[in-house]
Amino acid sequence: ADIGKVRDKVAALGYPDVVVQNFGTSRDVMIRLPVQKGVTSAQQSEQVLAALRTGKETLIPLWGVDGLGLDGAQVALIMGIASGMELLLFWPAGLAMDRLGRAPVVVAALGCMGVGLIVMPLGSATGWFVGTAMVVGLGAGIGAGIIKTLGVDIAPQQARARFLGWW
């Protein structure tokens, strides 16, 4: 199959950010479409990452207060520790994005934040809560700046400032 021709046909249907590749034999083609028509994979990644990063500021305090019965001062201290973990990785994460590419950094960030938030309610000890909040903070630090970096990557050359202002 002519992969370029298939890709052009699918792009003409309104899916410009499609992955087309051979699968099995040279006649078999695998087409991976975005989840939503008109939404690129970069935009989808940005939405998932933004939701997880928002989860750090909302889900951790909610679980601390409502799930574990901690008071506001204790939760604030734990949030400070998690934010400190995030701060540790701002600069190294930027270097990793430049050297390794965007995808491995996004995967690591989503993995850390996702695992931390998923396993957080599995324990009832304050130490467990602090540890999982730190894992979420590390994931947030790994992903720090990725949304803006993706915006710069996909911004059109001729209207970069306007695009980034909207982004």
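Residue I146 lies in helix α7, and in this predicted model I146 counts as buried because its relative accessibility is 0%, against a cut-off for burial of under 20%. When residues up to four places away in sequence are set aside, the contacts of I146 are with L49, M97, R102 and V106. A further spatial relation links I146 to A109, for although 37 residues separate I146 and A109 in sequence, their C-alpha atoms are 9.5 Å apart in space.

The surroundings of I146 belong to a wider nonpolar arrangement. The largest nonpolar core comprises 22 residues, and the members that touch the most other members are I60, M113, M120, F129, A133, V136 and I146. Two or more residues are given to this core by each of the helices α2 (41-67), α3 (72-88), α5 (102-119), α6 and α7 (146-154).

Helix α6 spans residues 126-142 and includes T132. With a relative accessibility of 5%, T132 falls under the 20% limit and therefore counts as buried. Beyond the residues up to four places away in sequence, T132 touches G116, V119 and M120, and M120 is itself among the residues of the largest nonpolar core that touch the most other members.

Helix α5 holds L110, whose relative accessible area of 24% places L110 in the partly exposed class, since that class lies between the limits of 20% and 50%. Outside the residues up to four places away in sequence, L110 is in contact with V48, L49 and L52; L49 also appears among the contacts of I146. The C-alpha atoms of L110 and G143 are separated by 7.7 Å, while the two residues stand 33 residues apart along the chain.

A contrasting environment is found for R99, which is placed in helix α4, residues 90-100. The relative accessible area of R99 is 69%, and R99 is therefore classed as exposed, the threshold for that class being over 50%. Between R99 and I3, which are 96 residues apart along the chain, the C-alpha separation is 30 Å.

At the level of the whole protein, eight helices and two strands are present, and their order along the sequence follows the pattern α-β-β-α-α-α-α-α-α-α. The radius of gyration is 20 Å, whereas a compact globule of 167 residues would have a value near 15 Å. Along the principal axes, the C-alpha trace spans about 60 × 40 × 30 Å. Of the 167 residues, 29% are buried, a group that includes I146 and T132. Where contacts join residues at least 6 apart in sequence, 55% of them connect residues at least 24 apart.

The protein exposes a surface of about 9,900 Å², of which 64% is supplied by carbon and sulfur atoms. With regard to charge, 13 positive and 11 negative side chains are present, and the centres of these two sets lie 10 Å apart.

Note on methods:
Residues are numbered from 1 along each chain as its sequence is written. This is a predicted model: local features need pLDDT of at least 70, side-chain atom pairs count only at pLDDT 80 or more; totals for chains, interfaces and linings use all residues. Side-chain values use heavy atoms; hydrogens and water are left out. Helices (H or I, at least four residues) and strands (E, at least two) are DSSP runs, numbered from the N terminus. The radius of gyration is taken over C-alpha atoms; the globule rule is 2.2 Å times the number of residues to the power 0.38. Buried means under 20% relative accessible area, exposed over 50%, partly exposed in between (1.4 Å probe, protein chains only). Contact means heavy atoms within 4.5 Å. Accessible areas come from the Shrake-Rupley method with a 1.4 Å probe; for residues, only the protein chains shown count as cover. Lys and Arg count as positive and Asp and Glu as negative; His and the chain ends are not counted. The place of a charge is taken as NZ of Lys, CZ of Arg, CG of Asp or CD of Glu. A nonpolar core is a set of buried Ala, Val, Leu, Ile, Met, Phe, Trp, Tyr and Cys residues joined through side-chain atoms within 4.5 Å.
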